[in-house]
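Me: I'd like to practise reading a helix and its surroundings in a model. Could you walk me through one?

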Amino acid sequence: MNHGGRQLDSAIASIDALPEVVAAVGNYLPVLIDGGIRRGTDVLKALALGASAVLVGHPVLWGLAVAGVAGVRHVLQLLRDELHIAMVLSGCTKVKDIDLSFVKIKH
């Protein structure tokens, strides 16, 4: 798997590998995804594809570099707000209700 999909041009991106990883792990372990998460809609897609949690290292580091702790808070609030808006627009009121019906899987 390719962290973020950029290190190797032909490697699969994390989000594309997620459904297969979730299927292989089943309910035995939580599945965390890291790489390529930049917007609240990315969080929604990852949760819909079965991620237990989403890690957001790069955006947090960008916020830290720009404005210190306030920048980190701002980035996290933006992601939270964007996720909330995406959920509202999708008709979803609870994170636990996000499922595969929220995404279209490429074949």
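Me: Thanks! In which helix is aspartate 42 found?
Reply: Aspartate 42 sits in helix H2. Keep in mind that this is a predicted model.

Me: Is aspartate 42 buried or exposed?
Reply: To judge this, compare the relative accessible area with the cut-off: buried means under 20%. Aspartate 42 has a relative accessible area of 10%, so it counts as buried.

Me: What does the side chain of aspartate 42 reach?
Reply: For a polar side chain, look at its N or O partners first. Here the side chain of aspartate 42 reaches the backbone nitrogen of arginine 39 at 2.9 Å. Beyond its neighbours within four places in sequence, aspartate 42 is also in contact with Gly36 and Ile37.

Me: How many residues of H2 are buried?
Reply: Here you go through the helix residue by residue. In H2, 7 of the 9 residues are buried, so the helix is largely enclosed by the rest of the structure. Besides Asp42, the buried residues include Gly40, Val43 and Leu44, along with Ala46, Leu47 and Ala48.

Me: Which elements do the buried residues of H2 pack against?
Reply: They pack against helix H1 (14–25), strands E1 (32–34) and E2 (53–55), and H3. Alanine 46 is a good example: leaving out residues up to four places away in sequence, it touches Ile15, Leu18, Ile33, Ile37, Ala51 and Val54.

Me: How many residues does the largest nonpolar core have?
Reply: That core has 19 residues, and Leu44 and Ala46 are among those with the most contacts inside it. The elements giving two or more residues to this core are H2 (40–48) and H3 (57–90).

Conventions. Residues are numbered from 1 along each chain as its sequence is written. This is a predicted model: local features need pLDDT of at least 70, side-chain atom pairs count only at pLDDT 80 or more; totals for chains, interfaces and linings use all residues. Side-chain values use heavy atoms; hydrogens and water are left out. A nonpolar core is a set of buried Ala, Val, Leu, Ile, Met, Phe, Trp, Tyr and Cys residues joined through side-chain atoms within 4.5 Å. Buried means under 20% relative accessible area, exposed over 50%, partly exposed in between (1.4 Å probe, protein chains only). Helices (H or I, at least four residues) and strands (E, at least two) are DSSP runs, numbered from the N terminus. Contact means heavy atoms within 4.5 Å. A polar contact is a pair of N or O atoms within 3.5 Å; within protein, one must be able to donate a hydrogen and the other to accept it, and residues adjacent in sequence count only if both atoms are side-chain atoms.
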